[in-house]
Amino acid sequence: MRYLRTSQDFLFTQLQYLPFSIKEHEISTLNQMSWLMKTAAIEMRVTSLNRQRSHTQRLLHLLLDDMPVKPYLADGEGGMEDESRSVSGFLHFDTASKVRRKILSILDSIDFSQDIPEPLQLDFFDRVQIEQVIANCEHKNARGQVVCNVKYLHRVLVAEVNALQGMAAIGQRPLLMEEINTILQYVVERNKLLQCLHAKRHALESWRQLVEIILTACPQDLIQAEDRQLIIRDLLQDVHDKILDDDAAQELMPVVAGAVFTLTAHLSQSVKTEQKQPLALPMTGQSQYVLMLDGSFTSSPGSESISMGFASVGDSSLHIILKKLLDFILKTGGGFQRVRTHLYGSLLYYLQIAQRPDEPDTLEAAKKTMWERLTAPEDVFSKLQRENMAIIESYGAALMEVVCRDACDGHEIGRMLALALLDRIVSVDKQQQWLLYLSNSGYLKVLVDSLADDDLTLQSLLTPQPPLLKALYTYESKMAFLTRVAKSQQGALELLRSGVIVRLAQCQVYDMRPETDHQGMYGMREPPVFIPAPVERYRQILLPALQLCQVILTSSMAQHLQAAGQVLQFLISHSDTIQAILRCQDVSVGSLQELASLTGIISKAALPGVLSELDIDVNEGTQMELQGHIGRFQRQCLGLLSRFGGSDRLRQFKLQDDNAGGDRVNKRDEIELAMQQICANVMEYCESLMLQSAPSFQHAVCLFTPSLSESTNRDGPRQDTQTSVVPYWHLPGLGIIVYLLKQSTSDFFSYYDSHRQSVNKLQNVEQLPPDEIKELCQSVMPAGVDKISTSQKYVLARRRLVKLINNRAKLLSLCSYIIETCLFILWRHLEHYLLHCTPTDSQDPLLSSRMSFKKGRLQDSFGSEPNLDFSSGLNRVSQHDIEQLQIEATNSFGESLQKKLLDIEGLYSKVRSRYTFIQALVRRIRGLLRISRT
């Protein structure tokens, strides 16, 4: 390559004459062009790696410029003017002097149509047998083309004629030989057809390789982002026009589909890169991190409005590309599923363009009033998304049928991409036309019923040495799509009708939970392997099912009790697994995510009143058994508070070495979020149990004993117990709630400071010290940070900061919810104990009736197992206990804690919502304590 480059300037001079004239010798000319393009692709790759920019730049100009090419120096080196010259310099609006880009002219020279010889018309030979003989005579020649050996076929046919006997055969021999010549002439034409198609496919593949090298291997700065998008747009439109022609050969579809996939991926990446360029604007009260395509930040006080929109490509060009993509999908018809796999991937990349990028939750957006949000102008993302959906819906049931059929049957990769495409379309389909078609045509029911077929296959994946994991990935895609459907109220209703939760309850794979690897404690020490361990594979199977149940419970509003009844059946049918998860002591990311999802489900399903919605015949024995299951779920969930409400293990985890690698930093964030989610779910469960079991204050169901000793003990060091699950004969004390309240208050301010610091860093990324930039980048890309450019480091640092800001925003939301719920539960318990509770050592004649009522309410809430001993719990509340509760509550709920809680309401709650509860609850608790003292 160096010899050709330096001595003869071979490639540049030869590429100047592309495309060659191919009228007379089409096959040989196409082969010459193919090898020349492949060589050019290798040359551009090598010069890019060796940073020989001038050589790469000359070839790029030659292939991509749409202006007449100026003469270059003979030695192949341009001067300073040529070095500074870029492709954008040729993209003027002077259309009179423009020429067609050479890369497009090469594509024009490849004729996608192909003349097919007329079928054989035979009088003597049987056509089917002749086709079989021709197939037997086929072989691969030196170039790898499958052709028929004409000489061998001639010998076979002549031998067949010579074998004929009788006078009739002798008389018809001239006619037979003439028909043999007809067959041989047909085979020659057929060989030429195959060779020509092979040459065209070879040339098209070489053209695709050249385009891919230009877009991926050449330095990005040699083609400006705006020009890159225009070039990709022209390539996409031209290649679609050629393949969508009625005469285009179907044999070229796979190569074209691959090229379309590559081009669409780069178009999406280029547009999204343009979107992520930050604009430093003098905004008052808003982050300077402004996304270029975010319509809500297009103008600022005292500054001119920024011109928005997909300026480089234009909405109309994007719509044309979408229509051509959909036409290509429909042209493949019932076959060519592998071709449609590329096209589905292309369509997914295209639809990503209209997706709003990840934005930092700076807690400022909530300051807008509802009227301001409703009357805000439509941003470019929503506009393009709406127009895309209108184009997709205009294709009607024909497109729906093709995509839905591929999602239900066929090759695994094709099914996964079809499901991903359905997921994306359903998420933006405001009219729910696709959901309606899925339900009415039965495709949704087919997907739900296929879960039973997946059960046996998934069970085989839990062995130590599993077969191929294709079934697991298909299952994950299917469950992700069903979860997307369940996010709308109508979708959740359709899934309930199709019996998806009943199917999940019947699957046995969820009961095959492998033993946990305790060597991987804290989620930090698992070595990265390509094939995950059996425990991780099991979680990949279980977590989607839990998430689907949780989404259905959240979305099904009118049918909430029906959904809760079905989910409760799912929990009871897999009760051994559920209780094993609730008892698990592992603190890895996966186990905590299991717990977070599971507690979210139990808090909405294992409630009083749900048993009446079960679709089973309930007699007295069955009723007691079901209540026993619910009681165990409730006790184990309450027991989680002692583990995650600030236990020693959580403290140890938080004191882990902060100088960790990127992967460990990300896991620490996930673990922290999962722990807070578990606490929030358990507190939601306690609140729901109290409200549903006892709506009146006088007859409250108390879930916690009047003891704050656990709170005072925990403030000092204590030994961690072997099991953190509270035994069923001991109810937890209010001390857990007070401790969790204090812990969440402390965590809130820590998260708030971290959130504010990250927002400030995001606004001034360029001013951060290099070491901090490197640390942020390593969280996203653990290896190879030193090899990337400074601008790429800034992009990675921004990505990490946005992720960190959003993580802290979620933690703040969870802490705020935990604080409000803790205050509510504390208030209800204090009000019951200090105002309505009668001590056991009191001489009240109504004592026996009051205590029997309370015991009944407790049994309704916690199950009816005969071996429960509630006499050791709430039924022995003495006057001393109440007086001790007075003193400890007054000391624990002091002025400093109250001030912190009111600060949280001012900093966060009033910003997020106009409805706040902290101040009212603090006031009521403070009043209760004052009344009790007097």
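**Exercise 1. Locate R51 in this predicted model and describe its backbone and its exposure.**

Solution. Step 1: R51 is placed in the loop that runs between α3 and α4 (53-64). Step 2: the phi angle of R51 is near 60°, a positive value, and R51 is not a glycine. Step 3: most residues other than glycine have a negative phi. Step 4: R51 has a relative accessible area of 75%, and exposed means over 50%, so R51 is exposed.

**Exercise 2. Carry out the analysis of phi and accessibility for Q432.**

Solution. Step 1: Q432 belongs to the loop between α18 (412-428) and α19 (433-441). Step 2: although Q432 is not a glycine, its phi is positive, at about 60°. Step 3: the relative accessible area of Q432 is 29%. Buried means under 20% and exposed over 50%, with partly exposed in between; Q432 is therefore partly exposed.

**Exercise 3. Determine which kind of peptide bond joins L18 and P19, and where P19 lies.**

Solution. Step 1: omega for the bond between L18 and P19 is about -5°. Step 2: this peptide bond is cis. Step 3: most peptide bonds are trans. Step 4: P19 is found in the loop between α2 (10-15) and α3 (26-49).

**Exercise 4. Explain what the salt bridge between D315 and K383 connects.**

Solution. Step 1: side chains of opposite charge can pair when their charged atoms come close. Step 2: the side chains of D315 and K383 form a salt bridge, at 3.2 Å from N to O. Step 3: D315 is part of helix α13 (residues 315-331), while K383 is part of helix α16 (residues 380-394), so the pair ties together parts 68 residues apart in sequence. Step 4: K383 is partly exposed, at a relative accessible area of 29%. Step 5: the structure as a whole holds 32 salt bridges.

**Exercise 5. Analyse the salt bridge of E594 and R513, and identify the network that includes E594.**

Solution. Step 1: the closest N and O atoms of E594 and R513 are 3.4 Å apart, and the two residues form a salt bridge. Step 2: E594 lies in helix α27 (residues 589-605) and R513 in the loop between α23 (500-506) and α24 (534-555), so this pair ties together parts 81 residues apart in sequence. Step 3: E594 is buried, with a relative accessible area of 1%. Step 4: a network of salt bridges links R513, E536, R539 and E594.

**Exercise 6. Describe the settings of D234 and D245.**

Solution. Step 1: D234 is situated in helix α11, whereas D245 is situated in the loop between α11 (225-243) and α12 (253-275). Step 2: D234 is buried, at 15% relative accessible area, and D245 counts as partly exposed, at 38%. Step 3: the side chain of D234 makes a polar contact of 3.1 Å with the side chain of R101. Step 4: D245 gathers with D111, D115, D246 and D247 in a surface patch of negative charge.

**Exercise 7. State how far apart P706 and E883 are in sequence and in space.**

Solution. Step 1: P706 sits in the loop between α30 (662-693) and α31 (709-715). Step 2: P706 counts as buried, at 12% relative accessibility. Step 3: P706 and E883 are separated by 177 residues in sequence, yet their C-alpha atoms are 9.8 Å apart in space.

Conventions. Residues numbered from 1 in each chain as written. Predicted model: local features only at pLDDT ≥ 70, side-chain atom pairs only at ≥ 80, totals over all residues. Heavy atoms only, no water. Patch = residues over 30% accessible without salt bridge, like charges linked within 9 Å, V, L, I, M, F, W, Y side chains within 5 Å. Areas by Shrake-Rupley, 256 points an atom, 1.4 Å probe, with all protein chains shown as cover. Salt bridge = Lys/Arg side-chain N within 4 Å of Asp/Glu carboxyl O. Lys, Arg positive; Asp, Glu negative; His and termini not counted. Charge placed at Lys NZ, Arg CZ, Asp CG, Glu CD. Helix = DSSP H or I, 4+ residues; strand = E, 2+ residues; numbered from the N terminus. Buried < 20%, exposed > 50% of the residue type's maximum accessible area, 1.4 Å probe, protein only. Polar contact = N/O pair within 3.5 Å; in protein donor to acceptor, adjacent residues only side chain to side chain.
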